[in-house]
Amino acid sequence: MKKNSFISGISHEKKEENSGSVEFQVFCFTNKIRRLTSHLELHKKDYSSQRGLRKILGKRQRLLAYLSNKNGVRYKKLIGQLNIRELKTR
């Protein structure tokens, strides 16, 4: 896995202060998703990990939907930094 600029932008002191922010939570979920995805490439039949991945994807999707409704500018900036796709509109 390669680190992006968003990872280096968060220092240890900042993590403690902003651990409840939506951006930080989405950042943590994205790291977990990337870790689980690389794990599942090796272990294709690990169904427990697949279930965990789906749960984390749902949590991240709900947080991103919340952020896009509350503050579209922060949402666009976050998905640009994390290099993830935009939400599908229903």
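This is a short tour of a predicted model, going from the whole chain down to one helix pair.

**Start with everything shown.** Colour the protein chain by secondary structure: you'll find five helices and zero strands. Walk from the N terminus and the order of elements reads α-α-α-α-α.

**Switch on the surface.** The protein chain exposes about 7100 Å², and carbon and sulfur atoms supply 50% of that area. Now colour by burial: of the 90 residues, 28% count as buried. If you like contact maps, pull one up here and ignore pairs with a separation under 6. Of the contacts that remain in the protein chain, 50% come from residues 24 or more positions apart.

**Next, select residues 22-42 and residues 72-82.** These are helix 3 and helix 5, respectively. Hide the rest and look at how the two pack: the angle is about 30°, and the axes sit 11 Å apart. Angles under 35 degrees count as roughly parallel, so helix 3 and helix 5 are roughly parallel to each other. Turn the view until one helix lies in front of the other, and check the handedness: helix 3 passes helix 5 in a right-handed crossing.

**Now show side chains at the contact.** On helix 3, pick E23, V26, F27, T30 and R34. On helix 5, the partners to pick are R74, L78 and L82. Which classes do these residues fall into, nonpolar, polar or charged? Colour them by type and the contact of helix 3 with helix 5 divides into four nonpolar, one polar and three charged residues.

Note on methods
Residues are numbered from 1 along each chain as its sequence is written. This is a predicted model: local features need pLDDT of at least 70, side-chain atom pairs count only at pLDDT 80 or more; totals for chains, interfaces and linings use all residues. Side-chain values use heavy atoms; hydrogens and water are left out. Axes are lines fitted to C-alpha atoms, for helices over the stretch in contact, and angles run from 0 to 180 degrees between N-to-C directions. Helices (H or I, at least four residues) and strands (E, at least two) are DSSP runs, numbered from the N terminus. Angles under 35 degrees count as roughly parallel, over 145 as roughly antiparallel, 65 to 115 as roughly perpendicular and the rest as oblique. A crossing is left-handed if the near helix is turned anticlockwise from the far one by less than a right angle, and right-handed if clockwise. Contact means heavy atoms within 4.5 Å. Ala, Val, Leu, Ile, Met, Phe, Trp, Tyr, Cys and Pro count as nonpolar, Asp, Glu, Lys and Arg as charged, and the others, Gly among them, as polar. Buried means under 20% relative accessible area, exposed over 50%, partly exposed in between (1.4 Å probe, protein chains only). Accessible areas come from the Shrake-Rupley method with a 1.4 Å probe; for residues, only the protein chains shown count as cover.
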